Amino acid sequence: MDNHQKRNLTFLTIGLIFVLSGIEYAVILPTIWRYLQILEAPPYFLGLGLSAFSLSGLLTGPLFGVWSDRSKTTKSIILFSNLFEIVGNFMYFIGYSKWLLLSSRLVAGVGAGAGSSIFGFLTRSTRPEERAGIFAAIMACRQAGLLVGPAFNLFLRLCDFKLGPFVVNKYTSPGIFMCLLWVLLQFVVLGMYWDVPPVSSEGGTVLLEMKQEEGDEDEEAPLIGSDEEPSQTYRAVNSDEMETSTASEMHPFKNFSVSREFLREEVVVLLTAQFITLFNQTALETMVTPLTQRYFSFGELGNSLMYSLCGVEVILGFFFVRWLSRKVADRAVLAIGLVICCTACTWCLVFLCNPRGGYGWELSAFIIGVFLQLLGLPFVAVSQVSLFSKVTAEKTQGFSQGVRRSVGGLATILGPLWAGGLTNNLYIMLGMMLALLLMISVMTALSYERLTEPRAVQSARSCDSGG
């Protein structure tokens with residue numbers, strides 16, 4: 001099996017990992033509140049339970065990233081992190097007490113921290129021009145999991161039997177179901193995941209082989225004849241350069257400075273975009289259900305249908321961005337997304353905070369607002385991840401992606417907390433969200449010229465491709 005086939009199977013496996021993460025969220029979220037009530041947990045335990053998962057991922061993401069940067073492998077990291085998902089979901093299945101349930105989400109969240117290693121691997125294994133499309137497809141996989149997850153709840157809610165000393169019902173069954181899925185994924189990772197060489201490494205290997213073949217025929221001849229460029233441009237690297245390159249790969253954090261890497265203008269802008277995007281998204285998710293109940297009397301069926309349609313829109317949005325990224329620069333995609341998000345938030349502020357008119361008009365205004373909010377999400381999400389991978393150092397990409405995901409994890413904790421206390425004060429909640437969007441839009445406009453791959457890196461890639 002050649003590297004191209006291994007690469008495709010590896011990407012497919014990564015897609016399955018993200019599908020399972022979406023399914024886990026979709027099968028646990030609808031029942032965790034009632035589960036906690038049965039265990040006599042106070043209301044605030046719902047927020048703790050939902051935030052615990054994000055908190056673990058926030059703390060462990062950079063650690064997994066450093067591990068992958070130093071080892072240059074991700075397969076062992078994924079196998080290790082999945083053990084936490086397996087144990088965490090089994091603890092959720094056991095239940096027994098509210099504290100065990102809370103601990104189960106903390107343990108499972110550790111497994112989510114491996115996402116930083118995966119994004120670091122994707123960065124090293126893709127060319128810049130294809131990266132946004134790959135990221136869009138991977139993100140769409142999680143949305144697909146969120147979409148199909150409720151379908152599993154249709155049969156999980158029918159469970160009512162005993163498995164040895166454990167009770168299997170509609171509240172505990174999501175835990176054992178996800179535990180089994182993560183166990184099955186371990187076998188998929190063992191058989192279909194390879195730590196394929198980075199794109200730059202593959203290119204370097206080919207270049208050295210070409211040089212060696214040409215050297216057998218004529219030691220003085222360049223690999224590619226050119227009147228303009230000297231032959232040295234195409235020669236294999238000498239021993240000193242090779243030692244330097246090897247040392248850099250073995251010690252990726254040598255001469256690494258956190259302030260120099262993350263306090264640059266373009267990096268600050270992209271991390272801010274990451275925070276605001278996820279803060280607003282989770283705040284809206286928290287707001288939507290109380291809103292539909294108050295104004296439209298939606299029950300479980302109505303909300304399930306709404307979430308399903310939202311999932312379809314987001315998946316289609318990700319694939320549209322995947323196509324668009326081949327024709328438009330990442331920073332342009334980001335700008336388009338921010339314009340859509342600002343428009344959506346303004347619409348909600350005007351028409352949803354104090355709805356007037358009949359039921360039909362109020363429902364139409366709500367649908368348009370949600371549609372616009374979800375329309376802008378893929379544009380911003382994909383472009384900022386792709387840009388971030390290009391403006392940060394490739395050799396420490398795992399750690400950098402861990403920092404990015406930790407910023408996002410903090411947003412997913414604070415977003416619901418902000419919105420949860422303001423469901424009756426939509427002007428304040430949506431006003432703050434719009435202010436944040438306007439702030440990142442201004443930051444993006446002022447830093448637009450810097451939101452691109454550094455010229456030195458572009459020149460190096462051009463030389464590699466030319467060689």
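The following exercises, with worked solutions, concern a predicted model.

**Exercise 1.** Determine how the axes of helix α11 (residues 265-296) and helix α16 (residues 426-446) are oriented, and which residues make the contact.

*Solution.* Two packed helices are described by the angle between their axes and the distance between the axes. Here the axes of α11 and α16 come within 10 Å and cross at roughly 160 degrees. Angles over 145 degrees count as roughly antiparallel; α11 and α16 are therefore roughly antiparallel to each other. Their crossing is left-handed. On α11, the contact residues include V268, I276, F279 and L291; on α16, they include L430, M433, I440 and T444. Sorted by class, the contact of α11 with α16 has 19 nonpolar, three polar and one charged residues.

**Exercise 2.** Compare the expected span of helix α4 (residues 98-112) with the distance between its end C-alpha atoms, and locate the packing partners of its buried residues.

*Solution.* At 1.5 Å a residue, the 15 residues of α4 should span 21 Å. The end C-alpha atoms of α4 are 22 Å apart, which agrees. The buried residues of α4 are L101, L102, S104, R105, A108, G109, V110 and G111. These buried residues pack against α1 (3-38), α2 (44-71) and α3 (75-94).

**Exercise 3.** Establish whether P355 is buried or exposed, and describe its surroundings.

*Solution.* P355 is found in the loop between α13 (330-351) and α14 (359-391). Buried means under 20% relative accessible area; the value for P355 is 18%, so P355 is buried. Not counting residues up to four places away in sequence, P355 touches Y295 and E362. P355 and A365 are ten residues apart in sequence, with 8.6 Å between their C-alpha atoms.

Note on methods
Residues are numbered from 1 along each chain as its sequence is written. This is a predicted model: local features need pLDDT of at least 70, side-chain atom pairs count only at pLDDT 80 or more; totals for chains, interfaces and linings use all residues. Side-chain values use heavy atoms; hydrogens and water are left out. Axes are lines fitted to C-alpha atoms, for helices over the stretch in contact, and angles run from 0 to 180 degrees between N-to-C directions. Helices (H or I, at least four residues) and strands (E, at least two) are DSSP runs, numbered from the N terminus. Angles under 35 degrees count as roughly parallel, over 145 as roughly antiparallel, 65 to 115 as roughly perpendicular and the rest as oblique. A crossing is left-handed if the near helix is turned anticlockwise from the far one by less than a right angle, and right-handed if clockwise. Contact means heavy atoms within 4.5 Å. Ala, Val, Leu, Ile, Met, Phe, Trp, Tyr, Cys and Pro count as nonpolar, Asp, Glu, Lys and Arg as charged, and the others, Gly among them, as polar. The expected span of a helix is 1.5 Å times one less than its number of residues. Buried means under 20% relative accessible area, exposed over 50%, partly exposed in between (1.4 Å probe, protein chains only).
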